Amino acid sequence: GEGAGGAQTPPHTPGQLAAGVAVRSPAVIGALSAACTGKPDVGAMVNAIAPFVIFQPGASPLHQSEFRRVAVAAIANALAEVIRPVADRSVTIGTITTRELVVKDFALEPDEQELRAAGQNMVRSLASSLALVTAREPLRVAIPGNMRTLLSAPQVSTTATPEQLEQLIQMVTNDNLDLACMLVEKAACDKAVKDIDDTLAPHCEVRRASLERTGQPYYDTAGFQAGGRYPSQLPEVLRPRPNNVQHRGPGGTPPPRVYDQFAATATPAPAP
């Protein structure tokens, strides 16, 4: 297909298409969440991802069902190994960066829903990009490593040569690397959204409380007063201005357009 300006849009790989379905599976979401907490249940991961693993029938010198079992187990073990360190790093960087920018840019936005939505969209976009970049190489190493270990087990019988097995291992890795990467991305994004909601909760609560107690909108001006954390020399384009509807006009502007771009590029939120 063609993207903006007539540029060709890269086609989705089979792994990306499989991941698009997998990330909506409650079983997959649960297994990914458990892996993020440091308590991965490999058995649950195997059962969750099994329907989505790409498998080329007739390509294996092993019995079909045995080959599929080995492939799924290898990918599940790789995910269990990689998800937590990648998610922790991606979510930490994404959450800290998002908090600092959103709290500043929306300091004069009294609507806590605007603040919360901006935080979710930004952190989802950042965590997604960081997780995809960080996870790819560890998964590229872990999947074939796990397959070699499983295929060398005594209970796996095969007449295949080492060269045939290595070809098989690389085929499974190449076919499923995008799927595995996008599952790690999903895990990181879901954790990032939860973390940014917790981080921004005090800022949302003070806005809500101000309306309930005084009927007046809340503006966080402390950081811009003398001695505040934001210097008076901050360029105009980086200084927050009132964003709510009644201020839009000569004296106000909508939120920075970058947050619209985050919303457009962010990984979709999980289904309730």
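## Getting oriented

Helices here are DSSP runs of H or I with at least four residues, numbered from the N terminus. With that in hand, welcome to the structure, which is a predicted model. The protein has seven helices and zero strands, and reading along the sequence gives the pattern α-α-α-α-α-α-α.

Of the 272 residues in the protein, 43% are buried. The exposed surface comes to about 14,100 Å², and carbon and sulfur atoms supply 58% of that area. Contacts tell us something about how the chain comes together: among those between residues at least 6 apart in sequence, 78% join residues at least 24 apart.

## Val28 in helix 2

A good place to begin the tour is helix 2, which covers residues 26-36 and includes Val28. The relative accessibility of Val28 is 0%, so Val28 counts as buried. Setting aside residues within four places in sequence, Val28 is in contact with Ala22, Ala48, Phe52 and Leu183. Another residue to look for is Ala44: its C-alpha lies 8.5 Å from that of Val28, with their positions 16 residues apart in sequence.

## Val82 in helix 4

Next comes helix 4, spanning residues 64-105, where you will find Val82. Is Val82 buried or exposed? Its relative accessibility is 5%, which is under the 20% cut-off, so Val82 is buried.

Beyond its neighbours within four places in sequence, Val82 is in contact with Ala135, Pro138 and Leu139. The C-alpha atoms of Val82 and Leu139 are 6.9 Å apart, although the two residues are 57 apart in sequence.

## Helix 5 and its bend

Helix 5 takes in residues 112-151, a run of 40 residues. From its first C-alpha to its last, helix 5 reaches 54 Å, close to the 58 Å expected at 1.5 Å a residue. At its start, a side-chain oxygen of Asp111 comes to within 2.9 Å of the backbone nitrogen of Gln113. Further along, helix 5 bends by about 35 degrees at Ala135, with the proline Pro138 following within four residues. Both Ala135 and Pro138 have already appeared as contacts of Val82.

Asn146 also belongs to helix 5. With a relative accessible area of 14%, Asn146 is under 20% and therefore buried. Which residues does Asn146 touch, not counting those up to four places away in sequence? They are Ala74, Asn77, Ala78 and Glu81.

## Helix 6 and what follows

Helix 6 runs through residues 162-214 and has 53 residues. At 1.5 Å a residue it should span 78 Å, and its end C-alpha atoms are 75 Å apart, which agrees. There is still a kink to look for in helix 6: about 50 degrees, centred on Asn176. Just after helix 6, Gly215 adopts a positive phi of about 75 degrees.

## Cysteines and disulfides

A disulfide is a covalent bond between the sulfur atoms of two cysteines. How many disulfides does a search of the whole structure find? The answer is zero.

Two cysteines are worth finding on the model. Cys36 has a relative accessible area of 7%, so Cys36 counts as buried. Cys204 is buried too, because its relative accessibility is 6%.

Conventions:
Residues are numbered from 1 along each chain as its sequence is written. This is a predicted model: local features need pLDDT of at least 70, side-chain atom pairs count only at pLDDT 80 or more; totals for chains, interfaces and linings use all residues. Side-chain values use heavy atoms; hydrogens and water are left out. A disulfide is a pair of cysteine sulfur atoms within 2.5 Å. Buried means under 20% relative accessible area, exposed over 50%, partly exposed in between (1.4 Å probe, protein chains only). Helices (H or I, at least four residues) and strands (E, at least two) are DSSP runs, numbered from the N terminus. Contact means heavy atoms within 4.5 Å. Accessible areas come from the Shrake-Rupley method with a 1.4 Å probe; for residues, only the protein chains shown count as cover. The expected span of a helix is 1.5 Å times one less than its number of residues. The bend at a residue is the angle between axes fitted to the seven residues ending there and the seven starting there. A polar contact is a pair of N or O atoms within 3.5 Å; within protein, one must be able to donate a hydrogen and the other to accept it, and residues adjacent in sequence count only if both atoms are side-chain atoms.
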